[in-house]
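Here are some notes for a colleague at the bench, set out as numbered points. Please read them with the sequence and the structure at hand.

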Amino acid sequence: MANVVVIGSQWGDEGKGKIVDWLSERADVVVRFQGGHNAGHTLVIDGTVYKLSLLPSGIVRGGKLSIIGNGVVVDPWALISEIDRLKEQGVNVSPDNLIIAENCALILPLHGELDGVREDAANVSTKGGPKIGTTRRGIGPAYEDKVARRALRACDLFSDTAIENRVDVLLSHHNPLRRGLGVAEINRDDLIARIKEIAPRITPYVKASWRVLDAAKHDRRRILFEGAQGTMLDVDHGTYPFVTSSNTISSQAAGGSGTGPGNLDYVLGITKAYTTRVGEGPFPTELNDEVGRGLGERGHEFGTVTGRSRRCGWFDAVMVRQATKIGGIDGIALTKLDVLDGMEELKVCIAYELDGERIDYFPASTEAQARVKPVYETLEGWSESTFGARSWKDLPATAIKYIRRIEELIETPVAMLSTSPEREDTILVHDPFED
Ligand code: IMP
């Protein structure tokens, strides 16, 4: 029996939703450990569509404990509306099955506003930094306040004095900043009133979640750590500054939930059979042509949270190999292979060329990342459909060759293969929980 960490190995949107749902059915506890409501996925269970962005996926299945770990930034208003929406759909959400870590930093309306103001300013001038293409949910500004030690945290919601003190500290930073940006200042009393109004809806869920995790460990319960976004959006290891504001890699599962690294037994990296990205930033294998548009159409590549079209390109084995090393990925779940059905030939990036030199890793410098050119290997495509395949013998030989070549290039085995959004359309090679 093992605990499993699920992370994205590319730029997010690798199809984690289905895999996490498949795994969470078999887990006892599901924990989110970073990010916030910038993530989004749709679960289809027995024909009912559930849209989640902040809550762990286990919430829609009965008998599981869901934990929002301390590494997550929580927007109380977004959380309550997500809970209310799920309750209307008949899902049980109560303090018995949902816990919010008491040391979570909170996202306030001023964070979302600042996120949007900065993105808009970046449109007209790069003085304030480049446009990132954020989800405008206030994720970055909330993490900034956390690291700057002025955040309002979930534990503060129990005390009027704590709320007032934290708001004063926050506004002593945000109001001068807003003045400088030409945005109206925040009225202290209005903000405090809004927070005090929402506080009693949040506090019943707020606990020392590390203790709950520790008890789960002692009771030998299966824990699934549910990552959001992807490795290339990691604030340290991704395409900085075009990244999200948290660590998205597997090691964050320990720090972002309050458990030891020894409790992370198996790391499953969700990997799309091609590459997509939303927002700005470098993307060496991007296809700005009919082939790229075809991938986008067949793969329904539109952002779940913002509705933006995703940029599409060939599979980048250099980048995914880097992600498997940084994240200690034990096996990958390869998704959306069927989107490649019917393509005569497929390209896979096996190295980069940087200023005339061949390199086998993605460099850290923003300028170098923008200059790298992909070196491709061409593989034969297949005309048959792989959609819904449930065993290796349902797959054409050339599709199996493509998968084997990817495994070789990224130096990591395929543990699961997903061939449609349906849960049953999955080929299991290695059960992560049985590691
Ligand atoms: P933020 O996380 O809203 O600050 O956005 C920073 C970058 O991460 C932008 O490029 C977003 O498009 C990207 N991003 C954030 N969340 C997701 C996600 O769930 N999937 C894919 N990209 C994301």
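1. T324 sits in helix α10, which covers residues 317-326. In this predicted model, T324 has a relative accessible area of 5% and is therefore buried, since that value is under the 20% cut-off. Once its neighbours within four places in sequence are set aside, the contacts of T324 are with I329, I410 and T412.

2. T386, by contrast with a residue placed in a helix, is found in a loop, the one that runs between β18 (373-380) and α12 (397-410). T386 counts as buried because its relative accessibility is 0%. Beyond the residues up to four places away in sequence, T386 touches L337, D338, D341, L395, P396, A399 and T419. For one of these partners, P396, a separation can be given: T386 and P396 are 10 residues apart in sequence, and their C-alpha atoms are 7.6 Å apart in space.

3. I100 belongs to strand β7, which is made up of residues 98-101. Is I100 buried or exposed? With a relative accessibility of 0%, I100 counts as buried. Not counting residues up to four places away in sequence, the residues that I100 touches are I68, V74, L79, A154, I202, Y205, V206 and K207. As for a residue further along the chain, I100 and G299 are 199 residues apart in sequence, with 34 Å between their C-alpha atoms.

4. A2 is placed in the segment before β1 (4-8), and with a relative accessible area of 1% A2 is buried. Which residues does A2 contact when its neighbours within four places in sequence are left aside? The contacts of A2 are with R222, D265, P432, F433 and D435. A2 and T276, which are 274 residues apart in sequence, are 31 Å apart in space from C-alpha to C-alpha.

5. Two residues deserve a look for their backbone angles. R149, in the loop between α4 (139-147) and α5 (160-181), has a phi near 65°, a positive value in a residue other than glycine. H300, in the loop between α9 (290-298) and β13 (311-313), likewise has a positive phi, near 50°, and is not a glycine. R149 is exposed, with a relative accessible area of 77%, and H300 counts as exposed at 61% relative accessibility.

6. A peptide bond should be checked as well. The bond from Y240 to P241 is cis, and its omega is near 5°. P241 itself is placed in the loop between β10 (223-226) and α8 (252-255). Most residues other than glycine have a negative phi, and most peptide bonds are trans.

7. On the division of the chain, three domains are assigned: domain 1 comprises 4-104 together with 206-266, domain 2 comprises 105-202, and domain 3 comprises 271-434. How far apart do the C-alpha centres of domain 2 and domain 3 lie? The C-alpha centres of these two domains are 37 Å apart. Domain 2 and domain 3 do make contact, through 6 residues of domain 2 and 5 residues of domain 3.

8. Turning to the chain as a whole, there are 12 helices and 20 strands. Among contacts between residues at least 6 apart in sequence, 76% join residues that are at least 24 apart. The C-alpha trace spans about 65 × 55 × 35 Å along its principal axes. The radius of gyration of the chain is 22 Å, which agrees with a compact globule, because a globule of 435 residues would have a value near 22 Å.

9. Finally, there is the matter of burial, surface and charge. Of the 435 residues in the chain, 59% are buried, while the area that the chain exposes is about 17700 Å², with carbon and sulfur atoms supplying 48% of it. The chain has 51 positive and 62 negative charges, and the mean positions of these two sets are 3 Å apart.

Technical notes. Residues are numbered from 1 along each chain as its sequence is written. This is a predicted model: local features need pLDDT of at least 70, side-chain atom pairs count only at pLDDT 80 or more; totals for chains, interfaces and linings use all residues. Side-chain values use heavy atoms; hydrogens and water are left out. Helices (H or I, at least four residues) and strands (E, at least two) are DSSP runs, numbered from the N terminus. The radius of gyration is taken over C-alpha atoms; the globule rule is 2.2 Å times the number of residues to the power 0.38. Buried means under 20% relative accessible area, exposed over 50%, partly exposed in between (1.4 Å probe, protein chains only). Contact means heavy atoms within 4.5 Å. Accessible areas come from the Shrake-Rupley method with a 1.4 Å probe; for residues, only the protein chains shown count as cover. Lys and Arg count as positive and Asp and Glu as negative; His and the chain ends are not counted. The place of a charge is taken as NZ of Lys, CZ of Arg, CG of Asp or CD of Glu. Domain bounds come from an automatic or database domain assignment.
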